[in-house]
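Me: Could you walk me through this one slowly? I'm new to reading structures.

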Amino acid sequence: MIPESGIQFFGKQNAETITWNMFRFHGNETCSKAGPAARASRGEAGARAGPRWKDRQGCRSKAREDVGHMARSGRSFVGYQRTHYRRLRPLGLAASAAVIGVRGIEVSQCIQDLDNSVPLIADKTTVVRLYLDPATLGKAGSVTAELAWSRGGAEAYLPALNAVRLDPAKNEDIHAQRSDLEKSVNFRLPAEAIGAGTLRLRLSRVFAPGGSDLPVGAPNTVDVDFVSAPPLRIRVIGLRYRAGGKPVAPDAIHFNYFRSYLGRAYPVASLEWSQIVVDADFGSPFNASTVDLANAQIAALRGREVTHGVDQRTHYFGLVDDNGGLSGYFMRGKAYAIPSSKPQPDTVASGPCGTPRGLAGDRDLSYADWYGAHELGHTFGRYHPGFPPYDPATKAGQDASDPAFPYAGGFISTPDGRYVGLDTGDPDLPAPMMALPGLGYHDVMTYADNQWLSAYTYMAILERLIAEDALGPAIS
């Protein structure tokens with residue numbers, strides 16, 4: 001109910017309140033000066049802010065009228081507050097022509113297509129991406145949404161992480177939307193939603209921020225399955241050598257980047273991780289045999305530790321610093337072998353670490369992440385796809401030892417853009433959450449720039465992890 005002594009205007013969400021105090025003085029009746037909020041409002045918004053009194057007589061008349069009303073109602077005071085609600089200026093909000101079209105609901109952890117065909121790992125960070133059709137809006141504007149999720153019981157509700165601006169005049173296709181995280185409405189699923197089993201997602205609301213709901217078209221429901229997967233068991237050994245009389249060992253940041261990348265890109269929900277730094281058995285500067293010496297040392301260390309109780313499914317990896325990028329200190333990575341036919345977690349590998357400075361398109365603080373993931377991939381039986389192709393004349397490029405690799409050019413997708421990668425990010429590094437266009441990123445087993453895991457590599461590593469897990473923790 002609107003009070004008799006006030007005027008109420010409804011704003012978009014919460015009304016802004018402005019109050020005037022009016023008093024009756026002995027001998028004269030007048031209006032007090034308005035408070036700072038009211039003065040500012042009257043000066044900035046004019047008549048929209050509420051009533052304005054242009055002269056003293058008008059003010060006195062209004063005071064008499066209101067005071068008389070209070071007296072008739074039995075009130076014993078003559079000072080009172082009048083509350084006015086100022087209407088906020090409306091935003092340019094999206095409007096739906098009929099129903100807003102839903103192009104797809106994609107549930108991704110690392111790499112995915114619109115059919116959600118890539119297996120989802122239980123308890124792994126999961127992001128839902130909603131793609132809306134701009135052509136079904138009456139005008140351009142911002143839109144966000146809300147998801148309902150359930151696992152056979154009552155629904156729970158999840159707000160979006162963002163809003164998107166849609167413009168029917170531009171009407172970007174779904175490939176452009178999938179390639180840019182800012183063009184999809186995104187949701188990070190809570191831990192309770194991503195356990196093993198079936199999850200139902202329902203698009204419960206689409207609305208303009210601060211505005212009303214928009215009618216939603218089909219499809220607005222999707223069911224996905226989460227499967228249990230073993231952890232990645234890994235022990236990383238930093239190898240410390242001497243250069244010019246000073247010790248050189250991997251900085252903590254390189255361990256952190258490697259660990260984070262494996263957790264985000266590999267088909268696992270958790271890592272059983274340990275790390276240590278030991279003195280290397282090799283000297284510097286390096287040559288072609290340095291990596292073989294590193295692998296021999298790592299293999300011997302692994303043999304001793306597994307004999308004394310370390311889980312036999314643990315992969316061992318050697319990490320060697322590049323000494324600030326100085327010439328003669330880059331140790332090219334290598335796996336001791338590539339076990340193609342059966343699980344062999346005793347296969348070790350080693351790789352370099354350092355600041356990338358644009359190496360393979362990398363401009364963060366360490367290349368230990370994707371480089372290490374490549375060499376570790378060999379220990380899971382992954383071969384080179386052959387990109388860029390090897391050139392015998394220059395001896396540059398990559399051998400094509402995996403003829404079954406399905407994507408042209410070493411990309412993480414087929415030419416139609418079926419697959420799009422998703423890096424869920426890590427605020428501790430920091431690494432932002434990013435969409436990775438399928439024809440802009442290459443498989444981690446290539447030598448090309450901008451590396452991530454394709455669905456082909458992702459599912460092959462998952463299969464090998466499951467096979468290794470069946471070996472059990474102890475050597476039989």
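What follows is a chat that goes from the whole chain to single residues.

Me: What kind of model is this, and how many helices and strands are there in the chain?
Reply: This is a predicted model, and its chain contains seven helices and 25 strands.

Me: How much of the chain is buried?
Reply: Of the 476 residues in the chain, 47% are buried. The chain exposes about 22800 Å², and carbon and sulfur atoms supply 52% of that area.

Me: What about contacts, how many of them join residues at least 24 apart?
Reply: If you take the contacts between residues at least 6 apart in sequence, 72% of them join residues at least 24 apart.

Me: OK, on to the inside. Which residues touch the most other members of the largest nonpolar core?
Reply: That core has 44 residues, and the ones that touch the most other members are Leu232, Ile234, Leu262, Tyr266 and Leu453. At least two residues of this core come from each of strand 16 (232–243), helix 4 (252–265), strand 18, strand 19 (315–321), strand 21, helix 6 and helix 7 (455–469). As a general point, nonpolar side chains in soluble globular proteins tend to be buried together.

Me: Take Leu262, then. Which residues is it in contact with?
Reply: Once its neighbours within four places in sequence are left aside, Leu262 is in contact with Leu232, Ile234, Val268, Leu271, Trp273, Ala373 and Leu376. Apart from the largest core lies another one, of 31 residues, and among them are Ile100, Ala122, Val128 and Leu189.

Me: You listed strand 21. Is that strand mostly covered or mostly open?
Reply: Strand 21 is mostly covered, since five of its five residues are buried. On one side the buried residues are Ala349, Gly351 and Cys353, and on the other side they are Ser350 and Pro352, so that both faces are covered. In a regular strand, side chains alternate between the two faces of the sheet.

Me: Which strands are joined to strand 21?
Reply: Strand 19 runs parallel to strand 21 and is joined to it by five bridges, with Gly318 having Ser350 as its bridge partner. Strand 20 (residues 334–335) pairs with strand 21 in the antiparallel sense over two bridges, and there Ala335 stands opposite Ala349.

Me: Switching to sheets: what is the order of the strands in the one with strand 8?
Reply: Three strands form that open sheet in the order 5-8-13, and the pairing is antiparallel. Strand 5 (101–108) and strand 13 (185–188) each have a single partner strand and stand at the edges, so one side of each is left without a neighbour in the sheet. From one strand to the next, the twist averages 15°. Strand 5 and strand 8 pair over seven bridges, and the bridge partner of Ser108 in strand 8 is Val127.

Me: And the sheet with strand 22, what order does that have?
Reply: That open sheet has three strands in the order 6-22-23, with antiparallel pairing. Its edges are strand 6 (111–112) and strand 23 (434–436), each with a single partner strand, so one side of each has no neighbour in the sheet. Strand 22 is joined to strand 23 by three bridges, and Leu422 stands opposite Ala435.

Me: I clicked on Val227. Where is it, and which residues does it touch?
Reply: Val227 is in strand 15 (residues 221–227), and it counts as partly exposed because its relative accessibility is 36%, between the 20% and 50% cut-offs. Not counting residues up to four places away in sequence, Val227 touches Pro119, Leu120, Ile121 and Ala122. Val227 and Leu120 are 107 residues apart in sequence, yet their C-alpha atoms are 6.2 Å apart in space.

Me: Last topic, the backbone. Which peptide bonds are cis?
Reply: One cis bond runs from Ser284 to Pro285, with omega near -5°, and Pro285 is in the loop between strand 18 (271–279) and helix 5 (290–307). Another runs from Phe387 to Pro388, with omega near -10°, and Pro388 is in the loop between helix 6 (368–379) and strand 22 (420–423).

Me: Which residues have a positive phi although they are not glycine?
Reply: Asp123 has a positive phi of about 75°, and Asp123 lies in the loop between strand 7 (120–121) and strand 8 (127–133). Ala360 has a positive phi of about 55° and is found in the loop between strand 21 (349–353) and helix 6.

Me: Is Ala360 buried or exposed, and why?
Reply: Ala360 is buried, because its relative accessible area is 17%, which is under the 20% cut-off.

Notes: Residues numbered from 1 in each chain as written. Predicted model: local features only at pLDDT ≥ 70, side-chain atom pairs only at ≥ 80, totals over all residues. Heavy atoms only, no water. Helix = DSSP H or I, 4+ residues; strand = E, 2+ residues; numbered from the N terminus. Buried < 20%, exposed > 50% of the residue type's maximum accessible area, 1.4 Å probe, protein only. Core = buried A, V, L, I, M, F, W, Y, C linked by side-chain atoms within 4.5 Å. Contact = heavy atoms within 4.5 Å. Areas by Shrake-Rupley, 256 points an atom, 1.4 Å probe, with all protein chains shown as cover. Pairing = 2+ DSSP bridges. Axes fitted to C-alpha atoms, helices over the stretch in contact; angles between N-to-C directions.
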